[in-house]
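Dear colleague,

I am handing over the structure below, followed by an account of what was found in it. Please read the cut-offs along with the findings.

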Amino acid sequence: MTAPLLVLNLGTPPRSGNRALRQHWATRRREAKDWSVRILDAYADALVTDFRALRAMPSLANPLTVTTRRRVVVRWTAPRPPDEDNALTACKPILDCLLRVQRRKVGGRMVEVPGVVRVLWDDSPDHLVIEYAPARGSPRHLALEVYDG
């Protein structure tokens, strides 16, 4: 198996998808902002510990294009990890932070703003394959691994 381009150790996983979808919209928004800060912190840690993480970032030598396809492995460790649907629903705000652009509603219009880490072109099935790898264990931990192809 090839080495991942980027490994983000995010610490404690988010609430399950069922709980997250029942939250007030403002609470969900606040938690999404908190995740963007945690992802930036995890990306900085990845750069410090493994300089090869720069390979995942788009650059002139390695552009992120419409044809770029990435695979993200979600490694969720918990005494009782959630099923795949709940886990991936809970990880949606986290995956949104990895996108090239994020679409937000500002002043009644949808606008595109740059993403936090920008290692994924889009989250459609044409550009992204998501794999879920649950593991029983303690302490609770979430890690994302980004691969080419």
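The charged end of Arg71 sits over the ring of Tyr147, 4.2 Å from its centre, where a charge counts as over a ring if NZ of Lys or CZ of Arg is within 6 Å of the ring centre and within 35 degrees of the ring normal. Arg38 likewise lies over the face of Trp35, at 3.9 Å from the ring centre. The search of the whole structure for aromatic pairs, by contrast, returned 0, a pair being rings of Phe, Tyr and Trp (its six-membered ring) whose centres lie within 6.5 Å.

Please keep in mind that this is a predicted model, in which local features need pLDDT of at least 70 and side-chain atom pairs count only at pLDDT 80 or more, while totals for chains, interfaces and linings use all residues. Residues are numbered from 1 along each chain as its sequence is written, and side-chain values use heavy atoms, with hydrogens and water left out.

As for the overall layout, the protein chain has 4 helices and 6 strands, taken as DSSP runs numbered from the N terminus (helices H or I, at least four residues; strands E, at least two), and from the N terminus their order is β-α-α-β-α-α-β-β-β-β. Of the 149 residues in the chain, 35% are buried, that is, under 20% relative accessible area with a 1.4 Å probe, protein chains only.

The largest nonpolar core (buried Ala, Val, Leu, Ile, Met, Phe, Trp, Tyr and Cys residues joined through side-chain atoms within 4.5 Å) holds 28 residues, of which Leu8, Leu10 and Leu98 touch the most other members. Among the elements that give two or more residues to this core are strand 1 (6–11), helix 2 (25–49) and strand 6 (141–148), and helix 2 gives the most, with 5 residues. Leaving aside neighbours within four places in sequence, Leu98 is in contact (heavy atoms within 4.5 Å) with Leu8, Ile39, Val117, Arg118, Val119, Leu120 and Leu144.

One polar residue in helix 2 may also interest you, namely Ser36, which is buried with a relative accessible area of 17%. A polar atom of the Ser36 side chain lies 2.6 Å from the backbone oxygen of Lys33, and Ser36 also touches Cys97 and Val116, not counting residues up to four places away in sequence.

With best regards

Key
Rings of Phe, Tyr and Trp (its six-membered ring) pair if their centres lie within 6.5 Å; planes under 30 degrees apart count as stacked, over 60 as edge-to-face and the rest as tilted. Buried means under 20% relative accessible area, exposed over 50%, partly exposed in between (1.4 Å probe, protein chains only). A polar contact is a pair of N or O atoms within 3.5 Å; within protein, one must be able to donate a hydrogen and the other to accept it, and residues adjacent in sequence count only if both atoms are side-chain atoms.
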